[in-house]
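Visitor: I'm new to reading protein models, and I'd like a close look at one part of this one. Could you pick a good starting residue and then walk me outward from there?

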Amino acid sequence: MNPLKHNANFKWLMRGGIVSALGDQMTMIALPWLVLKLTGDPLALGLVIALMSIPRAVFILIGGALVDRYSPRHVLMLTKHVNAVLLALLTLLVLNLSGAPTMPLGGAWSLTVVLTPQLALHLIYVLAFGLGLAQAFAMPSGMSILPLAIPAEHLQAANGMMMGLRQVTMLAGPLLAAGVLAIAGDGGGAVSNARGLALAFGFDCLSYLLSAWTLSKVTLRPKTDAATTPQATQEPVLRAIGAGLRMVWDDVPMRLCFIYWGTVSLFIGGAMQVALPVLASELHGASTLGIIMGAHGAGTLLGMGAAAKLGQRLRLAGFGVTILAADAIAGLLLAPMGMVHATWQAALLMSTLGLLTGFIQIKVFTWIQQRVPPHMMGRAMSIFMFIFMGLAPLSAAATGWILTQVSLSQLFLGGGMILVLFAASAYLFTPIRSIVSATPPTTP
């Protein structure tokens, strides 16, 4: 880790990433609370979440293509400023609802519009859509910038540090948000005296501006490959997306891994998003969900730290065998989850699963970053993220119906055994087990 401590690019990216991630956690807590206090309607909250999720999933492939065309730093910088504007508007909206004094804009113009709850809700819908759309471009650019800023030999350690620090913010951010809302006011039974919500959104707005400043200090290596040709810079976006899909398809190891991950996401990933809250409700309620998810987060953090610290030395098998073995073990950990009778039992299983997940996440991201050419990085990362954002919600929607037909213990047992079966079948019947390195295929 010593070389990274003296790498200016890494330090600027790390500082900006920490601040921005903390701000995101503030909004993730404040926005659902605002909607519920404004309407008291879970359906409205579901619509807000959908308006953030759908554009992110639909436009993320376009975002990846634009990242490859215009450089990840330029696209990421633009999304940071867009997010800052949207969050500033959300801050003003909450201040208006909470009865804050209007701010004169000059002359006779001032913010004198008094928002009704219904009008405010429609504005929140628009802002939520804008935030989700910005994420579709920010996510592939943020994941593509590291290989251009960090030497290849330090990439796995840098991934471990960055993702580990983000995991820390996922633990600390909600606590910080809860403290702000408790001290400054969360609206009580209605959106009045909700200065805490405005402060949370305002903090996130400032975090984007600060992280944009730190991003301006990062110097990327110039692209000297196919991305610099006139044909590449003038290629239509849809054709660029098609080129990214062809690149993944033509690279046999990547094609196999993406198909495998997509299958797992479709059948298992979304189901666990529904099953875990149901499990918590059968134990001791919301507090149990917080404990088991916190245990998973802590385990994930340890796994990421192990990958960053020991990843180059801890090579028990090739990449393909490692991911399949990890999935098989994960299936064995999920299978008994529905049979637990105490919170500590669920937390123990989830922390172990998180340890495994964190280690594999670093391995997977580093493998993709080292394998994909720089001019295709944005598209490759957007395709990878689309697999989970587009497919997992389908299984999540189906799981609600499945739970009307089977018990929760049967769902966990079946899901775990299916994951073991997928991993074993991929090992026995596909060449995934032979993938040993990130060396890209040679091109004629």
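Guide: Let's start at Met-417, which sits in helix α16, residues 408-429. Keep in mind that this is a predicted model. Is Met-417 buried, exposed or partly exposed? Its relative accessible area is 39%, so Met-417 counts as partly exposed. Met-417 also has company at the surface: together with Leu-332, Met-339 and Leu-413 it makes a nonpolar patch of about 360 Å².

One member of that patch, Leu-332, gives us a way into helix α13, which covers residues 319-334. Here's a little check you can do yourself. With 16 residues at 1.5 Å a residue, α13 should span 22 Å, because the expected span is 1.5 Å times one less than the number of residues. The C-alpha atoms at the two ends of α13 are 23 Å apart, which agrees.

Which residues of α13 are buried? The list is Phe-319, Gly-320, Ile-323, Leu-324, Ala-326, Asp-327, Ala-330, Gly-331, Leu-333 and Leu-334.

Take Phe-319 from that list: with a relative accessible area of 10%, Phe-319 is under the 20% limit and therefore buried. Now for its ring. In general, a pair of aromatic rings is described by the distance of the centres and the angle of the planes. The structure holds eight aromatic pairs. In one of them, the rings of Trp-261 and Phe-384 have their centres 5.5 Å apart and their planes at 85°, so that pair is edge-to-face. Trp-261 belongs to helix α11 (residues 252-283) and Phe-384 to helix α15 (residues 377-402), so this pair ties together parts that are 123 residues apart in sequence. Trp-261 and Phe-384 are both buried.

The ring of our Phe-319 pairs with that of Trp-367: the centres are 4.6 Å apart and the planes are at 10°, so this pair is stacked. Phe-319 is in α13 and Trp-367 in helix α14 (residues 343-371), so here the parts tied together are 48 residues apart in sequence. Trp-367 has a relative accessible area of 3%, so it is buried too. Zoom out a bit and you'll find that Phe-258, Trp-261, Phe-319, Phe-365, Trp-367 and Phe-384 form one aromatic cluster.

Since we've reached α14, let's stop at another of its residues, Met-350. At 3% relative accessibility, Met-350 counts as buried. What does Met-350 touch, leaving aside its neighbours within four places in sequence? Its contacts are Leu-276, Ile-292, Met-293, Ala-295, His-296 and Met-337. Look at Ala-295 in particular: it is 55 residues from Met-350 along the chain, yet their C-alpha atoms are separated by 6.1 Å.

Helix α14 also brings us to charged residues. As a general point, side chains of opposite charge can pair when their charged atoms come close. How many salt bridges does a search of the whole structure find? The search finds two. In one, Asp-251 and Arg-371 pair up, with their closest N and O atoms 2.7 Å apart. Asp-251 lies in the loop between α10 (237-250) and α11, while Arg-371 is in α14, so the pair ties together parts that are 120 residues apart in sequence. Both Asp-251 and Arg-371 are buried.

In the other, Arg-379 pairs with Asp-68, and the closest N and O atoms are 2.6 Å apart. This one links distant parts of the chain: Arg-379 is in helix α15 and Asp-68 in helix α3 (residues 42-70), 311 residues apart. Arg-379 is buried, with a relative accessible area of 8%, and Asp-68 is buried as well, at 4%.

Finally, step back to the whole protein. Its secondary structure comes to 16 helices and two strands, and buried residues make up 48% of its 444 residues. The exposed area is about 20,800 Å², with 71% of it supplied by carbon and sulfur atoms. Among the contacts with a separation of 6 or more, 85% are between residues 24 or more positions apart. You've already met examples of such long links, including the 311-residue one between Arg-379 and Asp-68.

Methods: Residues numbered from 1 in each chain as written. Predicted model: local features only at pLDDT ≥ 70, side-chain atom pairs only at ≥ 80, totals over all residues. Heavy atoms only, no water. Patch = residues over 30% accessible without salt bridge, like charges linked within 9 Å, V, L, I, M, F, W, Y side chains within 5 Å. Areas by Shrake-Rupley, 256 points an atom, 1.4 Å probe, with all protein chains shown as cover. Salt bridge = Lys/Arg side-chain N within 4 Å of Asp/Glu carboxyl O. Helix = DSSP H or I, 4+ residues; strand = E, 2+ residues; numbered from the N terminus. Buried < 20%, exposed > 50% of the residue type's maximum accessible area, 1.4 Å probe, protein only. Contact = heavy atoms within 4.5 Å. Phe/Tyr/Trp six-rings, centres within 6.5 Å; stacked < 30°, edge-to-face > 60°.
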